[in-house]
Amino acid sequence: MKDRAGRRRARRLAIGTAVVLALAGMNGPWLYRFGTEKYHQYKINQPEYKAANGKWEIIEFPEEYRQNTIHAALLRTGKVLLVAGSGNNQDNFDAKKYDTRIWDPVKGTIKKVPTPNDLFCTGHTQLANGNLLIAGGTKRYEKLKGDVKKAGGLMLVHNENPDKPITLPAGTRFTGKENGKTFVSKDPVLVPRAKKNFDKATGKFLGNTPGVGRIYVEAEKEGAKYETGTQDNYRIQGLTGADARNTYGIAEKLALDKKDFQGIRDAYEFDPVAEKYIKVDPMHEARWYPTLTTLSNGKILSVSGLDDIGQLVPGKNEIYDPKTKKWTYTGKVRQFPTYPALFLMQNGKIFYSGSNAGYGPDDVGRDPGIWDVETNKFTKIPGLSDPDRMETSGTVLLPPAQDEKYMVIGGGGVGESRKSSNKTRLVDLKADNPRFVDGPSLDKGTRYPQSSILPNDEVLISGGSEDYRGRSDSNILEARIYDPAKNEMRRVADPLVGRNYHSGSILLPDGRVMFFGSDSLYADKANTKPGKFEQRIEIYTPPYLYGDREQPELSGGPKTVERGDSATFTSKDAAKVKKVRLIRPSATTHVTDVDQRSIALDFQADGDKLTVTVPKNKNLVQSGWYMLFVTDGEGTPSKAQWVHVP
């Protein structure tokens with residue numbers, strides 16, 4: 001009996017072992033669908049699995065340090081700036097509760113930072129001195145149609161006096177000449193003086209063009225009877241004499257329609273050493289959802305956004321000078337949707353991939369192309385697949401940056417459309433006639449995909465959702481690594497946390513990638529349960545940090561290297577180094593990260609010395625702080641050394 005029982009146990013063990021071995025032959029992602037959770041956890045923690053697929057780890061801050069992170073940037077100190085502002089929370093906004101955290105991924109420490117304004121949906125970019133420029137944010141939350149109690153909208157205030165401007169304070173009352181209804185301004189407005197017009201040939205005076213100011217107004221009282229249906233002229237109460245004759249308002253329909261978010265003009269530099277915000281001159285235009293992009297001269301271009309009355313800024317772009325801390329208009333008009341993906345090219349022009357997030361008409365500024373900011377000439381690039389599904393798509397400058405090849409990933413229809421794209425599109429801007437071609441496809445249509453450049457010239461692509469803001473439980477728990485040299489994409493370990501709207505990813509100095517945020521509209525397939533903001537951080541450790549491989553060592557060397565100059569570092573692994581890369585730290589939000597780029601450096605090894613040379617092109621190597629990585633023949637990167645290029 002004992003022998004028969006022993007044989008049965010042995011047979012069961014043999015069968016069990018065969019099943020385990022069969023499952024072990026399957027790839028990692030398969031296990032999510034078919035394997036048991038217990039076995040899955042066992043499998044993904046095996047050394048061979050991690051060496052092939054990498055591993056994900058959730059980091060949950062202590063409750064008092066959690067926030068709804070909307071924006072994140074890697075600082076030159078190696079710490080990560082996590083900005084929430086009001087965190088897409090109306091109660092926080094009403095209470096003026098604005099949050100920022102600094103997280104040290106090495107020490108694991110978290111620090112609260114006083115936040116001067118609602119930097120929810122701001123724009124940001126890295127500056128040459130290592131500060132982060134932050135501009136724009138939220139003046140007012142949107143109100144859906146059913147929540148709007150007072151009729152309101154845009155009032156255009158005209159000033160026909162050519163001799164002086166006029167300022168109207170908040171609370172100014174405008175009464176319609178025809179409708180007799182009174183509306184009240186929410187903010188002060190400066191109305192410029194009128195412009196005198198003369199015939200250039202004869203010098204004859206042709207009359208004045210009124211100066212115009214824009215202001216948001218609301219009805220004095222609640223209710224539909226205070227709406228207006230047509231354009232009317234409005235008398236301004238409190239003005240007398242010439243001011244009363246020269247100044248008046250004109251408004252179209254003032255109604256109980258949905259009111260969009262309104263932006264602010266405020267701008268700040270965040271100092272990563274002092275760890276505080278420093279106020280600088282405000283922008284000329286209020287902006288909510290703007291993009292900030294570094295230009296050839298080191299100045300910063302601010303583009304698009306919703307203004308202080310909730311309308312798309314009408315193509316009035318402006319430039320920040322880090323030396324004077326002041327803003328000036330470009331002098332030419334070009335309109336884009338909000339958060340347009342704009343990248344500085346090696347010839348000093350700007351590449352617009354067509355990727356954007358959020359707001360703007362579906363027939364204005366959507367075409368990808370090359371923009372000469374000085375002349376305002378825009379050359380369209382053809383061949384884009386799924387061109388009507390570029391909103392919430394991601395764009396990445398593929399490594400190395402010298403190749404000037406870009407990938408556009410996924411995307412969806414304008415607004416709350418259910419359309420999404422599973423396409424990746426590639427474009428070579430060094431070609432004589434650049435044209436988009438399709439790259440490897442994703443398994444599913446994907447909005448909000450995150451992409452991070454890795455030190456070994458691969459790109460990690462993860463997350464997103466099939467539908468707008470993860471509706472119908474449509475988050476995509478998949479990750480891939482793309483190899484630009486082979487134009488191939490492979491599945492790797494699946495993330496543990498869904499990421500859609502208000503999420504992002506950042507390469508860390510140790511070669512890992514952090515993910516933050518996600519703001520699902522609903523939490524169930526039936527779209528009945530409101531979603532909850534994802535406050536957990538998730539870290540992906542790529543395959544190159546597992547197995548028998550050791551990270552190459554890198555130390556010493558100067559902290560500052562001029563463009564065109566060389567610098568020598570120490571590495572006992574110098575002879576094994578196959579690639580050297582300068583990677584610009586990320587500043588990411590809303591699927592938009594125009595900062596990240598990986599630049600190939602020429603190098604020579606001599607014993608334990610590694611001498612690297614920085615390219616001369618200032619448009620390729622923008623002034624600022626960079627992570628310097630070396631990678632061996634197996635694709636394993638060192639930890640980064642921080643280097644400043646002035």
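A charge is said to sit over an aromatic ring if NZ of Lys or CZ of Arg is within 6 Å of the ring centre and within 35 degrees of the ring normal. In this predicted model, Lys112 lies over the face of Tyr65, at 5.7 Å from the ring centre. A second case involves Arg140, whose charged end sits over the ring of Tyr216, 4.9 Å from its centre.

The sheet that contains strand β5 may be considered next. Five strands make up this open sheet, with antiparallel pairing and the order β5-β4-β3-β2-β43. Its edges are formed by β5 (110–112) and β43 (587–588), each of which pairs on one side only. Within the sheet, strand β2 (residues 71–74) and strand β3 (residues 80–85) run antiparallel and are joined by four bridges. Ala73 stands opposite Leu81 in β3.

Helix α3 offers a view of how burial is distributed around an axis. In this helix, which spans residues 37–44, Tyr39, His40, Lys43 and Ile44 are buried. These residues lie on the same side of α3 because they cover an arc of only 125° around the axis. In general, an α-helix has 3.6 residues a turn, so residues three or four places apart point the same way.

The interior can be described through its nonpolar cores. The largest nonpolar core has 36 residues, and Phe351, Leu429, Val580, Leu582, Ile599, Val621 and Leu628 touch the most other members. At least two residues of this core come from each of the strands β31 (405–409), β41 (566–570), β42 (577–583), β46 (609–613), β47 (624–632) and β48 (641–645). When residues up to four places away in sequence are not counted, Val580 touches Ile599, Ala600, Leu601, Phe603, Leu610, Val612, Leu628, Phe629 and Val630. Another core, of 33 residues, lies apart from the largest one; among its members are Ile44, Leu454, Ala493 and Tyr544.

Aromatic rings provide a further set of contacts. The structure holds 25 aromatic pairs. One of them joins Tyr268 and Tyr277 in an edge-to-face arrangement, 6.1 Å centre to centre and with 75° between the planes. Tyr268 has a relative accessible area of 4% and Tyr277 one of 12%; both therefore count as buried, the limit being under 20%. Trp288 and Tyr359 also form an edge-to-face pair, with 5.4 Å centre to centre and 75° between the planes. This pair links distant parts of the chain, 71 residues apart: Trp288 is in the loop between β21 (276–280) and β22 (291–294), whereas Tyr359 is in the loop between β27 (350–352) and β28 (369–372). Both Trp288 and Tyr359 are buried. They also belong to a cluster linked by ring pairs, together with Phe93, Phe120, Tyr141, Phe261, Tyr289 and Tyr339.

The backbone deserves a final look. Most residues other than glycine have a negative phi, and most peptide bonds are trans. Against this background, a cis peptide bond joins Pro399 and Pro400, with omega about -10°. Pro400 is placed in the loop between β30 (394–397) and β31. Tyr448 has a positive phi, near 60°, and lies in the loop between β33 (437–438) and β34 (450–453). With 2% relative accessibility, Tyr448 counts as buried. Asn527 likewise has a positive phi, near 60°, and its position is in the loop between β39 (513–517) and β40 (537–541).

Note on methods: Residues numbered from 1 in each chain as written. Predicted model: local features only at pLDDT ≥ 70, side-chain atom pairs only at ≥ 80, totals over all residues. Heavy atoms only, no water. Pairing = 2+ DSSP bridges. Buried < 20%, exposed > 50% of the residue type's maximum accessible area, 1.4 Å probe, protein only. Arc of directions from axis to C-beta. Core = buried A, V, L, I, M, F, W, Y, C linked by side-chain atoms within 4.5 Å. Contact = heavy atoms within 4.5 Å. Phe/Tyr/Trp six-rings, centres within 6.5 Å; stacked < 30°, edge-to-face > 60°.
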